[in-house]
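This report is meant for someone meeting the structure for the first time. Please keep the sequence and the model at hand while reading.

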There are 2 protein chains.
Amino acid sequence: MNENKVDFERCDCNVIHEDVVNSVRDGMPHEESLYDLAEIFKVFGDTTRIKILYALFASEMCVCDIAVLLNMTQSAISHQLRVLKQARLVKYRKEGKVVYYSLDDEHVKQIFDQGLIHITERNKI
Amino acid sequence: MNENKVDFERCDCNVIHEDVVNSVRDGMPHEESLYDLAEIFKVFGDTTRIKILYALFASEMCVCDIAVLLNMTQSAISHQLRVLKQARLVKYRKEGKVVYYSLDDEHVKQIFDQGLIHITERNKI
DNA sequence: AAAAAATATGAGCAAATATTCATATGAAAT
DNA sequence: ATTTCATATGAATATTTGCTCATATTTTTT
(Lines give C-alpha, C1' and ligand atoms only; values in the text may rest on other atoms or scores of the structure.)
Protein backbone atom coordinates (compact mmCIF):
# COMPACT_ATOMS: atom_id res chain seq x y z
CA MET A 1 0.00 0.00 0.00
CA ASN A 2 2.81 2.32 0.92
CA GLU A 3 4.92 1.68 -2.17
CA ASN A 4 2.01 2.77 -4.31
CA LYS A 5 2.40 6.26 -2.94
CA VAL A 6 3.74 8.50 -5.64
CA ASP A 7 4.78 12.08 -5.89
CA PHE A 8 1.46 13.69 -6.71
CA GLU A 9 3.01 17.12 -6.62
CA ARG A 10 4.87 16.44 -9.85
CA CYS A 11 1.54 16.35 -11.65
CA ASP A 12 -0.35 19.59 -11.70
CA CYS A 13 -3.71 17.85 -11.53
CA ASN A 14 -5.57 15.60 -9.13
CA VAL A 15 -5.87 11.88 -9.50
CA ILE A 16 -9.13 11.19 -11.18
CA HIS A 17 -9.22 7.43 -10.96
CA GLU A 18 -6.88 6.23 -8.26
CA ASP A 19 -8.11 2.64 -8.60
CA VAL A 20 -7.31 2.57 -12.32
CA VAL A 21 -3.88 4.07 -11.73
CA ASN A 22 -3.06 1.49 -9.06
CA SER A 23 -4.25 -1.52 -11.01
CA VAL A 24 -2.46 -0.41 -14.16
CA ARG A 25 0.71 0.17 -12.19
CA ASP A 26 0.60 -3.34 -10.82
CA GLY A 27 0.44 -4.73 -14.34
CA MET A 28 3.31 -2.64 -15.72
CA PRO A 29 6.53 -4.46 -16.64
CA HIS A 30 9.78 -3.49 -14.99
CA GLU A 31 11.31 -0.15 -15.84
CA GLU A 32 14.32 -1.93 -17.36
CA SER A 33 12.25 -4.02 -19.76
CA LEU A 34 10.43 -0.97 -21.02
CA TYR A 35 13.71 0.84 -21.49
CA ASP A 36 15.18 -2.04 -23.48
CA LEU A 37 12.08 -2.25 -25.61
CA ALA A 38 12.28 1.44 -26.44
CA GLU A 39 15.98 1.06 -27.23
CA ILE A 40 15.30 -1.62 -29.83
CA PHE A 41 12.63 0.41 -31.56
CA LYS A 42 14.91 3.41 -31.50
CA VAL A 43 17.36 1.45 -33.62
CA PHE A 44 14.61 0.79 -36.14
CA GLY A 45 13.55 4.40 -36.01
CA ASP A 46 16.02 5.78 -38.53
CA THR A 47 15.66 5.78 -42.29
CA THR A 48 19.28 4.95 -42.97
CA ARG A 49 19.27 1.96 -40.65
CA ILE A 50 15.95 0.76 -42.02
CA LYS A 51 17.42 0.91 -45.51
CA ILE A 52 20.51 -0.99 -44.44
CA LEU A 53 18.43 -3.70 -42.82
CA TYR A 54 16.23 -3.97 -45.89
CA ALA A 55 19.27 -4.28 -48.10
CA LEU A 56 20.79 -6.99 -45.94
CA PHE A 57 17.46 -8.68 -46.11
CA ALA A 58 18.07 -9.24 -49.80
CA SER A 59 21.73 -10.09 -49.60
CA GLU A 60 24.88 -10.05 -47.56
CA MET A 61 26.81 -6.90 -48.47
CA CYS A 62 30.10 -5.18 -47.77
CA VAL A 63 30.26 -1.66 -46.33
CA CYS A 64 31.22 -0.08 -49.63
CA ASP A 65 28.36 -1.71 -51.49
CA ILE A 66 25.87 -0.41 -48.96
CA ALA A 67 27.35 3.08 -49.21
CA VAL A 68 26.99 3.06 -52.99
CA LEU A 69 23.50 1.60 -52.83
CA LEU A 70 22.25 4.24 -50.42
CA ASN A 71 24.34 6.99 -51.98
CA MET A 72 25.93 7.83 -48.67
CA THR A 73 29.37 8.20 -47.18
CA GLN A 74 31.28 5.06 -46.21
CA SER A 75 31.81 6.66 -42.83
CA ALA A 76 28.13 7.29 -42.25
CA ILE A 77 27.31 3.69 -43.13
CA SER A 78 30.07 2.38 -40.91
CA HIS A 79 28.78 4.38 -37.98
CA GLN A 80 25.26 3.06 -38.47
CA LEU A 81 26.48 -0.51 -38.86
CA ARG A 82 28.07 -0.17 -35.47
CA VAL A 83 24.70 0.76 -33.98
CA LEU A 84 23.07 -2.23 -35.67
CA LYS A 85 25.90 -4.47 -34.53
CA GLN A 86 25.54 -3.33 -30.91
CA ALA A 87 21.82 -4.08 -31.10
CA ARG A 88 22.78 -7.51 -32.40
CA LEU A 89 20.72 -7.04 -35.50
CA VAL A 90 23.61 -7.60 -37.89
CA LYS A 91 26.69 -9.78 -37.88
CA TYR A 92 29.80 -9.64 -40.05
CA ARG A 93 32.54 -11.76 -41.52
CA LYS A 94 35.89 -10.54 -42.75
CA GLU A 95 37.42 -11.60 -46.04
CA GLY A 96 40.73 -9.88 -46.47
CA LYS A 97 40.12 -6.18 -46.12
CA VAL A 98 36.47 -6.50 -47.05
CA VAL A 99 33.87 -6.86 -44.30
CA TYR A 100 30.58 -8.49 -45.20
CA TYR A 101 27.53 -7.69 -43.12
CA SER A 102 24.37 -9.75 -42.86
CA LEU A 103 21.29 -9.98 -40.68
CA ASP A 104 21.76 -11.57 -37.28
CA ASP A 105 18.20 -11.98 -36.17
CA GLU A 106 15.22 -13.97 -37.34
CA HIS A 107 12.89 -11.49 -35.68
CA VAL A 108 13.92 -8.52 -37.77
CA LYS A 109 11.56 -9.50 -40.55
CA GLN A 110 8.67 -10.03 -38.17
CA ILE A 111 9.20 -6.67 -36.52
CA PHE A 112 9.39 -5.07 -39.97
CA ASP A 113 6.25 -6.81 -41.14
CA GLN A 114 4.22 -5.67 -38.15
CA GLY A 115 5.35 -2.11 -38.73
CA LEU A 116 4.43 -2.34 -42.39
CA ILE A 117 1.03 -3.80 -41.56
CA HIS A 118 0.39 -0.85 -39.32
CA ILE A 119 1.27 1.81 -41.87
CA THR A 120 -0.58 0.11 -44.73
CA GLU A 121 -3.72 -0.40 -42.65
CA ARG A 122 -3.48 3.16 -41.45
CA ASN A 123 -3.20 4.58 -44.95
CA LYS A 124 -6.23 2.67 -46.19
CA ILE A 125 -8.60 5.27 -44.85
CA MET B 1 19.82 0.82 -66.94
CA ASN B 2 20.39 4.53 -66.80
CA GLU B 3 18.39 5.11 -63.65
CA ASN B 4 20.67 2.68 -61.89
CA LYS B 5 23.50 5.14 -62.32
CA VAL B 6 24.31 6.64 -58.99
CA ASP B 7 26.66 9.24 -57.73
CA PHE B 8 29.71 7.14 -57.07
CA GLU B 9 31.69 10.18 -56.04
CA ARG B 10 29.66 10.49 -52.85
CA CYS B 11 31.20 7.23 -51.71
CA ASP B 12 34.93 7.32 -51.15
CA CYS B 13 35.39 3.73 -52.25
CA ASN B 14 34.92 1.70 -55.42
CA VAL B 15 31.99 -0.55 -56.05
CA ILE B 16 33.05 -4.00 -55.11
CA HIS B 17 30.03 -5.97 -56.24
CA GLU B 18 28.09 -3.96 -58.76
CA ASP B 19 25.80 -6.90 -59.54
CA VAL B 20 24.82 -7.27 -55.90
CA VAL B 21 24.20 -3.55 -55.55
CA ASN B 22 21.98 -3.48 -58.62
CA SER B 23 19.93 -6.52 -57.71
CA VAL B 24 19.44 -5.33 -54.15
CA ARG B 25 18.40 -1.91 -55.40
CA ASP B 26 15.76 -3.45 -57.63
CA GLY B 27 14.25 -5.22 -54.66
CA MET B 28 14.19 -2.17 -52.38
CA PRO B 29 10.80 -0.68 -51.48
CA HIS B 30 10.04 2.91 -52.33
CA GLU B 31 11.82 5.62 -50.42
CA GLU B 32 8.50 6.79 -48.99
CA SER B 33 7.59 3.40 -47.55
CA LEU B 34 10.94 3.12 -45.84
CA TYR B 35 10.56 6.60 -44.43
CA ASP B 36 7.10 5.80 -43.06
CA LEU B 37 8.37 2.59 -41.56
CA ALA B 38 11.17 4.40 -39.77
CA GLU B 39 8.69 7.02 -38.57
CA ILE B 40 6.50 4.40 -36.91
CA PHE B 41 9.41 2.80 -35.13
CA LYS B 42 10.60 6.20 -34.06
CA VAL B 43 7.31 6.63 -32.22
CA PHE B 44 7.92 3.38 -30.40
CA GLY B 45 11.50 4.37 -29.69
CA ASP B 46 10.88 6.45 -26.58
CA THR B 47 10.50 5.17 -23.03
CA THR B 48 7.71 7.54 -22.12
CA ARG B 49 5.62 6.63 -25.14
CA ILE B 50 6.28 2.92 -24.59
CA LYS B 51 5.06 3.32 -21.03
CA ILE B 52 1.95 5.16 -22.13
CA LEU B 53 1.14 2.47 -24.68
CA TYR B 54 1.69 -0.25 -22.11
CA ALA B 55 -0.59 1.53 -19.68
CA LEU B 56 -3.33 1.94 -22.27
CA PHE B 57 -2.89 -1.70 -22.98
CA ALA B 58 -4.23 -2.43 -19.53
CA SER B 59 -6.94 0.20 -19.46
CA GLU B 60 -8.34 3.33 -20.99
CA MET B 61 -6.97 6.30 -19.04
CA CYS B 62 -7.30 10.05 -18.82
CA VAL B 63 -4.31 12.36 -19.22
CA CYS B 64 -4.04 13.11 -15.53
CA ASP B 65 -4.07 9.44 -14.56
CA ILE B 66 -1.24 8.72 -16.96
CA ALA B 67 0.73 11.65 -15.60
CA VAL B 68 0.35 10.39 -12.04
CA LEU B 69 1.13 6.81 -13.03
CA LEU B 70 4.35 7.76 -14.80
CA ASN B 71 5.17 10.49 -12.31
CA MET B 72 5.48 13.07 -15.03
CA THR B 73 4.05 16.44 -15.92
CA GLN B 74 0.59 16.65 -17.45
CA SER B 75 2.14 18.77 -20.17
CA ALA B 76 4.78 16.21 -21.02
CA ILE B 77 2.18 13.48 -21.25
CA SER B 78 -0.09 15.62 -23.36
CA HIS B 79 2.70 16.34 -25.80
CA GLN B 80 3.50 12.65 -26.14
CA LEU B 81 -0.14 11.73 -26.55
CA ARG B 82 -0.24 14.08 -29.49
CA VAL B 83 2.61 12.17 -31.11
CA LEU B 84 0.84 8.87 -30.50
CA LYS B 85 -2.40 10.35 -31.83
CA GLN B 86 -0.71 11.55 -35.00
CA ALA B 87 0.71 8.07 -35.53
CA ARG B 88 -2.84 6.78 -35.06
CA LEU B 89 -1.74 4.53 -32.26
CA VAL B 90 -4.19 6.00 -29.74
CA LYS B 91 -7.67 7.42 -29.93
CA TYR B 92 -9.61 9.49 -27.42
CA ARG B 93 -13.09 10.26 -26.22
CA LYS B 94 -14.17 13.31 -24.28
CA GLU B 95 -16.36 13.18 -21.24
CA GLY B 96 -16.88 16.66 -19.91
CA LYS B 97 -13.47 18.16 -19.34
CA VAL B 98 -11.82 14.77 -19.02
CA VAL B 99 -10.26 13.16 -22.08
CA TYR B 100 -9.88 9.40 -22.07
CA TYR B 101 -7.22 7.85 -24.25
CA SER B 102 -7.11 4.26 -25.46
CA LEU B 103 -5.26 2.18 -28.02
CA ASP B 104 -6.31 2.61 -31.61
CA ASP B 105 -4.48 -0.22 -33.27
CA GLU B 106 -4.63 -3.97 -33.05
CA HIS B 107 -1.07 -4.18 -34.32
CA VAL B 108 0.47 -2.37 -31.40
CA LYS B 109 0.57 -5.53 -29.33
CA GLN B 110 2.09 -7.54 -32.16
CA ILE B 111 4.79 -4.95 -32.76
CA PHE B 112 5.48 -4.89 -29.02
CA ASP B 113 5.64 -8.64 -28.81
CA GLN B 114 8.13 -8.94 -31.65
CA GLY B 115 10.33 -6.36 -30.01
CA LEU B 116 10.12 -8.22 -26.69
CA ILE B 117 10.95 -11.52 -28.37
CA HIS B 118 14.03 -9.94 -29.82
CA ILE B 119 15.35 -8.55 -26.56
CA THR B 120 14.59 -11.68 -24.57
CA GLU B 121 16.20 -13.97 -27.15
CA ARG B 122 19.17 -11.66 -27.32
CA ASN B 123 19.67 -11.66 -23.57
CA LYS B 124 19.63 -15.45 -23.36
CA ILE B 125 23.27 -15.68 -24.30
C1' DA C 1 -20.64 35.66 -14.97
C1' DA C 2 -16.64 34.16 -12.69
C1' DA C 3 -13.70 30.75 -10.91
C1' DA C 4 -11.89 26.20 -11.15
C1' DA C 5 -10.31 22.11 -13.27
C1' DA C 6 -8.54 19.12 -17.18
C1' DT C 7 -6.21 19.32 -21.23
C1' DA C 8 -3.69 21.40 -25.23
C1' DT C 9 -0.12 24.06 -27.17
C1' DG C 10 3.73 27.34 -28.45
C1' DA C 11 8.35 28.89 -27.28
C1' DG C 12 12.64 27.94 -25.23
C1' DC C 13 16.21 24.92 -23.61
C1' DA C 14 18.96 20.90 -22.93
C1' DA C 15 20.13 16.46 -24.33
C1' DA C 16 20.53 13.08 -27.85
C1' DT C 17 21.71 11.81 -32.42
C1' DA C 18 23.11 11.54 -37.51
C1' DT C 19 26.37 13.04 -40.56
C1' DT C 20 30.81 15.01 -41.99
C1' DC C 21 35.70 15.44 -41.82
C1' DA C 22 40.09 13.97 -40.72
C1' DT C 23 42.59 10.29 -39.49
C1' DA C 24 43.67 5.58 -37.70
C1' DT C 25 43.85 0.60 -38.50
C1' DG C 26 44.65 -3.49 -40.89
C1' DA C 27 45.20 -6.35 -44.92
C1' DA C 28 46.58 -6.87 -49.79
C1' DA C 29 49.29 -5.57 -53.70
C1' DT C 30 53.34 -3.66 -55.65
C1' DA D 1 58.97 -1.93 -47.19
C1' DT D 2 55.76 1.04 -49.12
C1' DT D 3 51.62 2.10 -51.15
C1' DT D 4 46.82 1.24 -51.76
C1' DC D 5 42.35 0.05 -50.51
C1' DA D 6 38.37 -1.12 -47.29
C1' DT D 7 36.80 -0.12 -43.02
C1' DA D 8 36.65 1.97 -38.32
C1' DT D 9 36.61 5.72 -35.26
C1' DG D 10 37.02 10.25 -32.66
C1' DA D 11 35.82 15.03 -32.74
C1' DA D 12 32.98 18.61 -34.42
C1' DT D 13 28.68 20.22 -36.25
C1' DA D 14 23.89 20.45 -37.31
C1' DT D 15 19.54 18.66 -36.59
C1' DT D 16 16.11 16.47 -33.98
C1' DT D 17 13.61 15.74 -29.98
C1' DG D 18 11.69 15.51 -25.13
C1' DC D 19 10.68 18.29 -21.38
C1' DT D 20 9.55 22.68 -18.91
C1' DC D 21 7.21 26.85 -18.37
C1' DA D 22 3.74 29.92 -19.34
C1' DT D 23 -0.51 30.34 -21.27
C1' DA D 24 -4.66 29.18 -24.13
C1' DT D 25 -8.88 26.44 -24.53
C1' DT D 26 -12.85 24.13 -23.02
C1' DT D 27 -16.13 22.42 -19.82
C1' DT D 28 -17.96 22.33 -15.18
C1' DT D 29 -19.10 24.33 -10.94
C1' DT D 30 -20.41 27.99 -8.04
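Over all chains of this structure, which is a predicted model, the number of disulfides is zero. Because a disulfide calls for two cysteine sulfur atoms within 2.5 Å, the distances in the table below are too far for a bond, in chain A and in chain B alike.

| Cysteine | Closest cysteine sulfur | Sulfur to sulfur distance |
|---|---|---|
| A:Cys62 | A:Cys64 | 5.4 Å |
| B:Cys62 | B:Cys64 | 5.5 Å |

Both of the cysteines in the left column are shielded: A:Cys62 counts as buried, with a relative accessibility of 2%, and B:Cys62 counts as buried at 1%.

The nonpolar interior can be taken next. The largest nonpolar core holds 82 residues, and the members that touch the most others are A:Phe44, A:Ile50 and A:Met61 together with B:Phe44, B:Ile50 and B:Met61. When neighbours within four places in sequence are left aside, B:Ile50 is in contact with A:Leu34, A:Leu37, A:Ala38 and A:Phe41 from chain A, and with B:Phe44 and B:Phe112 from chain B.

How many residues of chain A are in contact with chain B? There are 70 of them, and they meet 70 residues of chain B. The size of an interface is often given as the accessible area lost when the parts come together. Here chain A and chain B bury about 6,100 Å² between them, with 71% of that area on carbon and sulfur atoms. Within chain A, the residues that lose the most area to chain B are A:Phe41, A:Val68 and A:His118, which together account for 11% of what that side buries.

Polar links also cross this interface, where two salt bridges are found between chain A and chain B. In a salt bridge between A:Lys51 and B:Glu31, the closest N and O atoms are 3.0 Å apart. The count of residue pairs in polar contact between the two chains, both at pLDDT 80 or more, is 12. Several elements of chain A each supply at least two residues of the side that touches chain B, including helix H2 (31-44), helix H3 (47-58) and strand S3 (98-103), while H6(A) gives the most, with 13 residues.

A last site is B:Asp105, which lies in the loop between strand S3 (98-103) and helix H6 (107-122) of chain B. B:Asp105 counts as buried because its relative accessibility is 13%. The side chain of B:Asp105 reaches the backbone nitrogen of B:His107 at 2.5 Å, and a polar atom of that side chain lies 3.4 Å from the backbone nitrogen of B:Val108. Beyond its neighbours within four places in sequence, B:Asp105 is in contact with A:His118, B:Arg88 and B:Leu89.

Key
Residues are numbered from 1 along each chain as its sequence is written. Chains are lettered from A and ligands numbered from 1 in the order in which they are written. Side-chain values use heavy atoms; hydrogens and water are left out. A nonpolar core is a set of buried Ala, Val, Leu, Ile, Met, Phe, Trp, Tyr and Cys residues joined through side-chain atoms within 4.5 Å. Buried means under 20% relative accessible area, exposed over 50%, partly exposed in between (1.4 Å probe, protein chains only). Contact means heavy atoms within 4.5 Å. Buried area is the accessible area (1.4 Å probe) that two parts lose on being put together, summed over both. A salt bridge is a side-chain nitrogen of Lys or Arg within 4 Å of a carboxyl oxygen of Asp or Glu. A polar contact is a pair of N or O atoms within 3.5 Å; within protein, one must be able to donate a hydrogen and the other to accept it, and residues adjacent in sequence count only if both atoms are side-chain atoms. Helices (H or I, at least four residues) and strands (E, at least two) are DSSP runs, numbered from the N terminus.
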